[in-house]
Amino acid sequence: MATVTLDLEGNVWFGSWGGGLFKLDSQGNWSRYDSTNSELRPTLKPYETVVSDVVVDDVGTKWIANWEGVEGRCVVALQNNTWTPYLSLDGIRSNLINSLYAEGGRLWICSRGVGLGFLDYKGTPENKTDDTIHYYDDVNGHLSGKDVR
């Protein structure tokens, strides 16, 4: 497993390096999510869905880093059984995401090669029209480089 996190309902979420996203609910039942039943996308190898990180924000939205997701899938938000993909077209500069941090309607995106992303989703991940995103790196953000873990 690449990552593990607990959500507000007591479910445990596991991101895996190739098997997708797994949920263990409070009753001991397992669920698996990949490109066949969610908005997650595989890598260039169609049988490999990599989830490098999962975090939960203040209201319970799960933010999922979809490492090397094809079709420009970089980050996916899961809120009330609704999957909202965030794509390169939405301003996410890389699908090589090492880690995420969510708090107060904002998502920090630690990526390889493009620096630190700051997505202000205004607490509404399902509505991307009001979002703003900014990146910090070694040129404009006083970081030592463009690889942020």
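1. Let's start with a term: a pocket is an open set of points, on a 1 Å grid over the protein atoms alone, where a 1.4 Å probe fits, with protein on both sides within 12 Å along at least five of seven lines. The largest one here has a volume of about 220 Å³, volume being the space filled by probe spheres set on the points. It has 14 lining residues, meaning residues with an atom within 4 Å of a point. Closest to the pocket's centre are Glu9, Lys62, Gln79, Asn80 and Asn81.

2. A quick word on the source: this is a predicted model, where local features need pLDDT of at least 70, side-chain atom pairs count only at pLDDT 80 or more, and totals for chains, interfaces and linings use all residues. Residues are numbered from 1 along each chain as its sequence is written, and side-chain values use heavy atoms, with hydrogens and water left out.

3. Now the rings. You'll find eight aromatic pairs (rings of Phe, Tyr and Trp, the last by its six-membered ring, with centres within 6.5 Å; planes under 30 degrees apart are stacked, over 60 edge-to-face, the rest tilted). Trp13 and Tyr33 make a stacked pair, 6.0 Å centre to centre with 25° between the planes. Both residues, Trp13 and Tyr33, are buried (under 20% relative accessible area, with exposed over 50% and partly exposed in between, using a 1.4 Å probe and protein chains only). Trp83 joins Trp13 and Tyr33 in one aromatic cluster.

4. Have a look at Trp17 and Trp67 too: their ring centres are 5.4 Å apart and their planes at 45°, so this pair is tilted. Trp17 is exposed at 54% relative accessible area, whereas Trp67 is buried at 7%.
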